[in-house]
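Hi,

Here is the structure I promised to pass on. Have a look at it first, then read my notes underneath.

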Amino acid sequence: MDHRHLFATDRILNSKVELFKNIRPYVTLGCEHGGERGGANKPRTKLIVNDEEEEVQVKRRGPFGTKKCGCPLKLKGEQMAMCENWQVFLHDGRHNHAIGVYTYGHAQAAKLTEEQLIQTEQFRKNHVPSRNILRFFREQDVGCAVSAQKIYNIVMKIKKNRMQGQNTVEEVLCLSAK
């Protein structure tokens, strides 16, 4: 994408401070299916040397599925020059894929609210298992799209924050000293 037109100017600025005063912030938004899959140029096979010192091509292991399909949908939000308001420009309003109806596990739909994050932390302090936390959220909201994996990841994040960089042995010693 060519952004040169945004920077073309004849003005000469006297300082870095003046430069930053003249920059207008902007945000580019796109579909989560936009772009190409990570490592798009990475071959699906690799060369290895076997016991007889011959180079052999072996298929790479692991999942290669991706939700990226190069969707062209792009919006640009730009702060207006003289005020704090923002203006939205539509660059391309097309999707090149079917819009999903089923939102279970969808990145945005599976996001927990601040209240749910606080509840999750409280549940973990009371030693409530992750599956019961998920069951609680699903009973509260029938349309809850949070997956079990999301709850497990949040619980691990809570544990990591609580440990504050200590390894497991140090954490156990710290807890036993209390």
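Below is what I found, going from the whole chain down to single residues.

One thing to keep in mind: this is a predicted model.

**The whole chain**

The protein chain has 6 helices and 5 strands. If you walk along from the N terminus, the order is α-α-β-β-β-β-β-α-α-α-α. How much of the chain is buried? Of its 178 residues, 16% count as buried. The chain exposes about 14800 Å², and 54% of that comes from carbon and sulfur atoms. I also looked at contacts between residues at least 6 apart in sequence: 49% of these join residues at least 24 apart.

**Around the strands**

Start with E78, which sits in strand 4 (residues 74–79). Is E78 buried or exposed? E78 counts as buried because its relative accessibility is 15%, and the cut-off for buried is under 20%. Its side chain makes a polar contact with the side chain of K76, at 3.2 Å. Leaving aside residues up to four places away in sequence, E78 touches R24, P25, Y26, N85, W86, Q87 and F89.

You will meet W86 again on the surface: together with V27 and L29, W86 makes a nonpolar patch of about 290 Å². To find L29, go to strand 1 (residues 26–30).

**Helix 5**

Next, try a small check on helix 5, which has 16 residues (148–163). How far should helix 5 span? At 1.5 Å a residue, the expected span is 22 Å, and the end C-alpha atoms are 23 Å apart, so the two agree. (If you redo the sum, multiply 1.5 Å by one less than the number of residues.)

Which residues of helix 5 are buried? They are I151, I154, V155, I158 and M163. Among the elements that cover them are helix 3 (114–125), helix 4 (130–140) and helix 6 (168–177). Right after helix 5 comes Q164, with a positive phi near 50°.

**A loop residue to look at**

Finally, find H127 in the loop between helix 3 and helix 4. What is its phi? H127 has a positive phi of about 60°, although it is not a glycine. That caught my eye because most residues other than glycine have a negative phi. H127 is exposed, as its relative accessible area is 68% and the cut-off for exposed is over 50%.

Have fun exploring!

Notes:
Residues are numbered from 1 along each chain as its sequence is written. This is a predicted model: local features need pLDDT of at least 70, side-chain atom pairs count only at pLDDT 80 or more; totals for chains, interfaces and linings use all residues. Side-chain values use heavy atoms; hydrogens and water are left out. Patches are made of residues with over 30% relative accessible area and no salt bridge: like charges are joined within 9 Å, nonpolar side chains (Val, Leu, Ile, Met, Phe, Trp, Tyr) within 5 Å. Accessible areas come from the Shrake-Rupley method with a 1.4 Å probe; for residues, only the protein chains shown count as cover. A salt bridge is a side-chain nitrogen of Lys or Arg within 4 Å of a carboxyl oxygen of Asp or Glu. Helices (H or I, at least four residues) and strands (E, at least two) are DSSP runs, numbered from the N terminus. Buried means under 20% relative accessible area, exposed over 50%, partly exposed in between (1.4 Å probe, protein chains only). A polar contact is a pair of N or O atoms within 3.5 Å; within protein, one must be able to donate a hydrogen and the other to accept it, and residues adjacent in sequence count only if both atoms are side-chain atoms. Contact means heavy atoms within 4.5 Å.
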